[in-house]
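The following report describes a single chain, with emphasis on side-chain packing, aromatic pairs and strand order. Please read it alongside the sequence and the coordinates.

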Amino acid sequence: MSVFVNKVEISESDIGQEMQYHPAPSQERAWQLAAQSLVIRQLLLQQAEQDGYYTAEADAPKANPAEEDAIDRLLEENISVPEADEETCRRFYRNHPDSFRDEETGERLSFEQAQIQIQDYLHTKAMRMAVAEYIRSLSYSAKIEGIELVNL
């Protein structure tokens, strides 16, 4: 069964090819994950085109570098997350006492040794949440047929 995003078809064949990148306990779950991935990509590409970062070409190869660049630019322009300040990092460090251990000695790292790791982790987590929210907002204004997006 094909899936449609604002009248753009994602074929059963495209979903089948994408399934190899989505291992799952069942074929149905792999299909769901692959189709969802392609729907998200299509939502982002359509928004990138609408915002002027990309022009779809009928004869362009699938997953071409221009698409990747357009999606990157779209996300850079529409998503920002603040960097965690020192107090936030200290609170995270206090609340996760067993998370910061020296691999060789097993001793707990000092806050100063763990601070950059904590900042990176919190930034990545915030970025993932912001991207998921952005994708949800795009999906709310799109007409998606043939699949229901879950766990964004």
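Helix α4 (residues 86–95) has C89, F92 and Y93 as its buried residues, where buried means under 20% relative accessible area, exposed over 50% and partly exposed in between (1.4 Å probe, protein chains only). Viewed down the axis of α4, these buried residues fall within an arc of 100°, so they line one face of the helix; the arc is that of the directions from the helix axis to the C-beta atoms. The cover over the buried residues of α4 includes α5 (111–140), contact meaning heavy atoms within 4.5 Å. Helices (H or I, at least four residues) and strands (E, at least two) are DSSP runs, numbered from the N terminus.

The model is predicted: local features need pLDDT of at least 70, side-chain atom pairs count only at pLDDT 80 or more, and totals for chains, interfaces and linings use all residues. Residues are numbered from 1 along each chain as its sequence is written, and side-chain values use heavy atoms, with hydrogens and water left out.

**Aromatic pairs**

Rings of Phe, Tyr and Trp (its six-membered ring) pair if their centres lie within 6.5 Å; planes under 30 degrees apart count as stacked, over 60 as edge-to-face and the rest as tilted. By this rule there are 4 aromatic pairs. In one of them, Y93 and F111 meet edge-to-face, at 5.7 Å centre to centre and with 75° between the planes. Y93 lies in helix α4 and F111 in helix α5, so this pair ties together parts that are 18 residues apart in sequence. Both Y93 and F111 are buried. Ring pairs link F92, Y93, F100, F111 and Y121 into a cluster. In addition, R108 lies over the face of Y93, at 3.9 Å from the ring centre; the criterion is NZ of Lys or CZ of Arg within 6 Å of the ring centre and within 35 degrees of the ring normal.

**Nonpolar cores**

A nonpolar core is a set of buried Ala, Val, Leu, Ile, Met, Phe, Trp, Tyr and Cys residues joined through side-chain atoms within 4.5 Å. In the largest, which has 28 residues, V3, I15, V39 and L44 touch the most other members. Two or more residues each come from β1 (3–5), α2 (27–50), α3 (65–78) and α5, and α2 gives the largest share, 11 residues. Apart from this core lies another of 10 residues, among them C89, Y93, I118 and L122.

V3 touches residues including W31, V39 and I147, leaving out those up to four places away in sequence. With the same exclusion, S139 is in contact with L43, I144 and L149. S139 lies in helix α5 and is buried, with a relative accessible area of 13%.

**Sheet and connecting loop**

An open sheet of 3 strands has the order β2-β1-β3, with antiparallel pairing; strands pair if DSSP finds at least two bridges between them. β2 (8–10) and β3 (144–145) stand at the edges with a single partner strand each, so one side of each has no neighbour in the sheet. β1 and β2 are joined by 3 bridges, and V3 stands opposite I10 in β2.

Two residues that are not glycine have positive phi values in this region.

| Residue | Phi | Location | Relative accessibility |
|---|---|---|---|
| N6 | near 50° | loop between β1 and β2 | 34%, partly exposed |
| K7 | near 75° | loop between β1 and β2 | 75%, exposed |
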